[in-house]
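Reader: I am new to reading protein models. Could you take me through one slowly, giving the general idea before the particular case?

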Amino acid sequence: MERKEFLVASGMLVTTAMLAAFALDTSGASSEIPEEGYKNRRPHPNDFTEPILKAITLGLNAPNPHNTQAWKFKIVNDHEALLFVDEKKILPATDPPARQIHIGCGSFVAMFRMGASGLGYTPQVEYLPQGEYSFSEIGNKPVARLTVVANSVNEDPLFKHIYERQTNRGLYSGNLITEKEFNIILERTTSQHCEIKLCNDPVELPSLLELLYKGMEVECNDWNAYDESRQWFRVKDDIAEKKDGINLRTGGMKGLKRWIAETMLNGYSKKAWHNKSGIENYLKTYHEVVMTSKGVVTFTTGNNQLIDWLKCGEDYARFQLTAYDQGFFIHPLSQVLQEFASIKKLHDEFNSRMKVNAPSKVQMAVRIGRGSPLEYSYRKNTSDFIV
Ligand SMILES: Cc1cc2nc3c(=O)[nH]c(=O)nc-3n(C[C@H](O)[C@H](O)[C@H](O)COP(=O)(O)O)c2cc1C
């Protein structure tokens, strides 16, 4: 074989020149989180003097779909702003009604409230101040009016974890989460809107996880849905430069495997992204990860309107921080909950298994367990969100 080409684990063609380059590249071999952790990856409230910008800056740490950070703000004065969805950052293929994008807004609101309390302000939030809006009005009508009032308040106990929380897509270890552990998390989440339920039954759990995993199989084989991930996918220097989107590093991929995959996907070519054996390898790893889950937690609302999505986002973010406080990571497995056409069969199967009928809706389904922290995701600068 004159040109020395190898078909590697990623299912892609790699040349000897590329492997030689890897020998010189030590950056990809580190198995640790970079020393700075989340620092230098997120804006900081001390960068501002205006109380509303400080609180917004803390809110930006919120979990949000594909880390598109689909938020924009109109600043009213030093203490008040309007939050809108940034309509350019929604995910029409995998989230046709923008339900998940609004869950991300609710998560922002939860972190904004915690942040304001830690800064010594009372947060006030008025949802949908100009009323409910339709899909075509996204970005034009506000999601919420956000106000910070100066007086002494009790710091939210979750404030200290704002920067530390992360979506953890790694392997989980140890025992299944117990009812007792879950109930402590639930109590401290102080959920306002969702019914939050745990499946930790050793007999039920594996088949539930298989169903959630199958959702990813369907997404990967739906060209439009899977291509949307490509559009928000970042490799190498783009990760720190663009400060958004998804990448292999926050997914825990390391070393040679990551270097090869990032090199092959550099350029973001559709051909490489939709490569059949590449997808098969990804799904194999994803299956292994999912099956190490120590429980599945679902967030269900009685209705399925804008306000339910927003309030669910608040419950979700508070749950994630409380779980972190108690030594647990979580990771959403959202595919079977989504509304794109090819997932409908699995969506219906999931709903009948969970005994959920419209207008009730399972808004989030997440795996939970103990694991090791992975690389932190970035956030754009606060000024990038101001209109
Ligand atoms: C509504 C919603 C749905 C999500 N669905 C998924 C998912 O299906 N798979 C996944 O890996 N992460 C999912 N996430 C997590 C986001 O990708 C994550 O919050 C974002 O990349 C930022 O990373 P961080 O949470 O570590 O800060 C979801 C988050 C939200 C708010």
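Author: Let us begin with burial: a residue is called buried when its relative accessible area is under 20%. This model is predicted, and in its chain buried residues make up 54% of the 387 residues.

Reader: What does the secondary structure of the chain come to, and how does its radius of gyration stand against the globule rule?

Author: The chain holds 12 helices and 10 strands. Its radius of gyration is 21 Å, close to the 21 Å given by the globule rule for 387 residues, so the chain is as compact as a globular protein of that length. Along the principal axes, its C-alpha atoms fill a box of roughly 75 × 45 × 40 Å.

Reader: Which residues come nearest to the ligand?

Author: A residue belongs to this group if one of its heavy atoms lies within 4 Å of the ligand. Here there are 19 such residues, and Arg 165, Thr 167, Arg 169, Ser 334 and Arg 379 come nearest. By class, the shell has five nonpolar, 10 polar and four charged residues.

Reader: Where does the ligand lie with respect to the domains?

Author: Domain 1 (45–163) and domain 2 (179–369) both give residues to the shell, so the ligand lies between them. Helix H3 (99–118) and strand S9 (329–332) each supply at least two residues of that shell.

Reader: Which polar contacts does the ligand have with side chains?

Author: A polar contact pairs N or O atoms within 3.5 Å. One oxygen atom of the ligand is 2.6 Å from a side-chain N or O atom of Arg 169, and an oxygen atom of the ligand is 2.9 Å from such an atom in the side chain of Ser 377. The protein covers 92% of the 620 Å² of accessible area that the ligand has on its own.

Conventions: Residues are numbered from 1 along each chain as its sequence is written. This is a predicted model: local features need pLDDT of at least 70, side-chain atom pairs count only at pLDDT 80 or more; totals for chains, interfaces and linings use all residues. Side-chain values use heavy atoms; hydrogens and water are left out. A polar contact is a pair of N or O atoms within 3.5 Å; within protein, one must be able to donate a hydrogen and the other to accept it, and residues adjacent in sequence count only if both atoms are side-chain atoms. Accessible areas come from the Shrake-Rupley method with a 1.4 Å probe; for residues, only the protein chains shown count as cover. Helices (H or I, at least four residues) and strands (E, at least two) are DSSP runs, numbered from the N terminus. Ala, Val, Leu, Ile, Met, Phe, Trp, Tyr, Cys and Pro count as nonpolar, Asp, Glu, Lys and Arg as charged, and the others, Gly among them, as polar. Domain bounds come from an automatic or database domain assignment. The radius of gyration is taken over C-alpha atoms; the globule rule is 2.2 Å times the number of residues to the power 0.38. Buried means under 20% relative accessible area, exposed over 50%, partly exposed in between (1.4 Å probe, protein chains only).
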